[in-house]
Every structure is written in structure tokens, then in C-alpha cells.
Amino acid sequence: MVWSILLLALLGGVGAALLALLVWTRRRAIVVTLAGRSMEPTFFAGDRVLVRRASLAEIGRNDVVLVHLPPPPDRHHGVPPPPGGFVPMVKRVAAVPGDAAPPGYAAAGVRPGDVVPAGRLLLIGDNRLMSYDSRQLGYVDATAVVGVVTGKLSR
């Protein structure tokens, strides 16, 4: 009788620990299924990626990030905008605060060599012909970043 009570207590403790681990992991990482072609050939529509939630201090140039951006004026990449009006997208970080802005952002009012302001990023899609990014939006507020893509999961 005592052993069964101890076993139940042990199993309850293990179950509680697993639940706590699951909650902690969900707060730190999410899985996202991609839509659109803006990150080809790195990622394709239908790819699932693991995203680690991150602050601006943890984001570097060339990182791929999940970001909530306003929808493109002419299309939604097949993703309906959520109630807040922003669409989740995956983009590459072209410049972080303090970096010189690379060429290619003039249409959005960013001149080459301008210093990226604090709390802002310049983002670009790997498929530059199909991407809606900082070339149209200009600087993106870092609070729009959900996290850093850490890898692709098998389909």
C-alpha cells in the first residue's frame, strides 16, 4: 500500500514536471508553417520551422526571423490577416541597430549608409523578386519580431 502511494506521488511529480516543461517550451519556442515564396530557396511554402522567441539583443545580421508585418497592399500571400491586421512573415535580417543601411532600400526612404536607428531593423526576403519587406516598408520596429528561426522541421 505504501509503495503504491509512493509510486503515485512519483508519477504525479513526473507528470507535473513534464507539464511545466511543456509550458516553458511553448513560451520559448513555436512551430510555424510557412506560406508564400519570399524566402525561396532557403524555405518553401509548406515548410515547417522552429522559432525561438528572442529579444532584439539576441538578433543578429543574417538571422532569419518570424515577424508580424502589415499585409502587402496588393496581396496577402495566401494568409488572411489576423484580427490585429498584421501578417506573420519570415524574413532575413539585413541590418540591425547601428549598422549602415545596405543599398536597395531607397524606395522606402532609406539611403545607403544611413545608420539603422535603435529599436529598428531592415529585413529582406531571400527571393528578392517575390518578397514584401523593408524595401517597401522601410525600417521595421523590433517589437514586430516574434523570434529567430532555428531550423526547418521535416514535412
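What follows is a short chat about the predicted model shown above.

Reader: Before I dig in, what are the ground rules for this model?
Author: It's a predicted model, where local features need pLDDT of at least 70, side-chain atom pairs count only at pLDDT 80 or more, and totals for chains, interfaces and linings use all residues. Side-chain values use heavy atoms, with hydrogens and water left out, and residues are numbered from 1 along each chain as its sequence is written.

Reader: Okay, what pLDDT does the protein average?
Author: pLDDT is the predictor's confidence in each residue, from 0 to 100. Over residues 15-25 it is below 50. Where pLDDT is low, the predicted coordinates should not be read in detail. Across the protein, 73% of the residues score at least 70, and the average is 82.

Reader: In what order do the strands of the open sheet come?
Author: Strands here are DSSP runs (E, at least two residues), as helices are (H or I, at least four), numbered from the N terminus. Two strands pair if DSSP finds at least two bridges between them. β1 (residues 29-33) joins β2 (residues 48-53) through 5 bridges, and β2 joins β7 (residues 145-153) through 6. With antiparallel pairing, the 7 strands line up as β1-β2-β7-β3-β4-β5-β6.

Reader: And why is one side of β1 and of β6 left without a neighbour in the sheet?
Author: The sheet is an open one, with the order β1-β2-β7-β3-β4-β5-β6. One side of β1 and of β6 (140-141) lacks a neighbour because these strands stand at the edges, each with a single partner strand.

Reader: Which residue is the bridge partner of Leu69 in β4?
Author: β3 (residues 64-69) and β4 (residues 87-95) run antiparallel, joined by 6 bridges. In β4, the partner of Leu69 is Val87.

Reader: Which residues have the most contacts inside the largest nonpolar core?
Author: A nonpolar core is a set of buried Ala, Val, Leu, Ile, Met, Phe, Trp, Tyr and Cys residues joined through side-chain atoms within 4.5 Å; buried means under 20% relative accessible area, exposed over 50%, partly exposed in between (1.4 Å probe, protein chains only). The largest one has 16 residues, and the best-connected inside it are Ile59, Val65, Val67, Val93 and Leu123.

Reader: Is Ala54 buried or exposed?
Author: Ala54 is in the loop between β2 and β3. Leaving out residues up to four places away in sequence, it touches Ile59, Val146, Gly147 and Val148 (contact means heavy atoms within 4.5 Å). Its relative accessibility is 14%, so Ala54 counts as buried.

Reader: Which backbone nitrogen does the Ser134 side chain reach?
Author: Ser134 is found in helix α2 (residues 134-137), and its relative accessible area is 0%, so it is buried. At 2.8 Å, its side chain reaches the backbone nitrogen of Leu123.

Reader: Any odd backbone geometry: which residues does a cis peptide bond join?
Author: Most residues other than glycine have a negative phi, and most peptide bonds are trans. Asn62, in the loop between β2 and β3, has a positive phi of about 80 degrees although it is not a glycine. As for the cis bond, omega is about 10 degrees, and the two residues are Glu40 and Pro41.

Key:
A polar contact is a pair of N or O atoms within 3.5 Å; within protein, one must be able to donate a hydrogen and the other to accept it, and residues adjacent in sequence count only if both atoms are side-chain atoms.
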